[in-house]
Amino acid sequence: MTCPRCHKTPEEHEAGRETDACIAKVVMGYEEPFGDAWLRHYSTRIADADEIMKKWENEGRLYHLRWNGKNYMVDLSKSDEIYAVYSVEGDTKEIAICRAALMASKEE
Ligand SMILES: [Zn+2]
């Protein structure tokens with residue numbers, strides 16, 4: 001149940017360049033090393049986090065980004081099982097999206 005790149009759980013990933021690198025490698029499938037100018041800010045910029053959601057759409061997944069009064073939550077379907085859902089939270093939309101992506105990629 002850990003990230004293959006840094007060996008933390010998805011919930012232990014905080015906003016920043018380390019998480020951005022984990023997303024690039026584990027979720028997007030890019031090869032390291034990542035140049036700083038090239039690496040997207042998935043965990044801190046919503047336009048970059050949107051690339052993750054676009055990828056889910058291309059994979060045929062369903063997702064729901066919501067605010068529960070305290071944190072952002074992402075519910076994300078498994079690719080072939082609509083009723084099996086990953087639910088992950090974070091204090092920003094971006095980190096919630098990143099954690100859901102890491103949660104979904106590690107078991108598939
Ligand atoms: Zn990681």
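**Helix 1, its partners and the core**

Histidine 7 sits in the segment that comes before helix 1 (helices are DSSP runs of H or I with at least four residues, strands are E runs of at least two, both numbered from the N terminus). Residue numbers start from 1 along each chain as its sequence is written. The model is predicted, with local features needing pLDDT of at least 70 and side-chain atom pairs counted only at pLDDT 80 or more, while totals for chains, interfaces and linings use all residues. Although not a glycine, histidine 7 has a positive phi of about 70 degrees. Histidine 7 is also exposed, with 8 other C-beta atoms within 10 Å (buried takes 20 or more other C-beta atoms within 10 Å of a residue's own, exposed 12 or fewer, partly exposed in between, with C-beta atoms placed from the backbone).

As for confidence, the chain has a mean pLDDT of 93, and 94% of its residues reach 70 or more (pLDDT is the predictor's confidence in each residue, from 0 to 100). Among the elements of the chain, helix 1 has the highest mean, 98, and strand 3 (residues 81–90) the lowest, 85.

Helix 1 (residues 17–27) and helix 3 (residues 93–105) have axes that come within 10 Å and cross at roughly 35 degrees (axes are lines fitted to C-alpha atoms, for helices over the stretch in contact, with angles from 0 to 180 degrees between N-to-C directions). On the helix 1 side the contact is made by Thr19, Cys22, Ile23, Val26 and Val27, and on the helix 3 side by Cys98, Ala101, Leu102 and Ser105 (contact here is C-beta atoms, placed from the backbone, within 7 Å). Buried residues of helix 1 include Thr19, Cys22, Ile23 and Val27, and the buried residues of this helix pack against helix 2 (46–58) as well as helix 3.

Just past helix 1 comes glycine 29, with a positive phi near 80 degrees. In the loop between helix 1 and helix 2 lies proline 33, and the peptide bond leading to proline 33 from glutamate 32 is cis, with omega near 5 degrees.

The largest nonpolar core has 21 residues, of which Ile23, Ile52, Ile97, Cys98, Ala100, Ala101 and Leu102 touch the most other members (such a core is a set of buried Ala, Val, Leu, Ile, Met, Phe, Trp, Tyr and Cys residues joined through C-beta atoms within 7 Å). Helix 3 gives this core its largest share, nine residues. Leaving out residues up to four places away in sequence, isoleucine 97 touches Ala49, Ile52, Met53 and Val74.

Notes
Contact = placed C-beta atoms within 7 Å.
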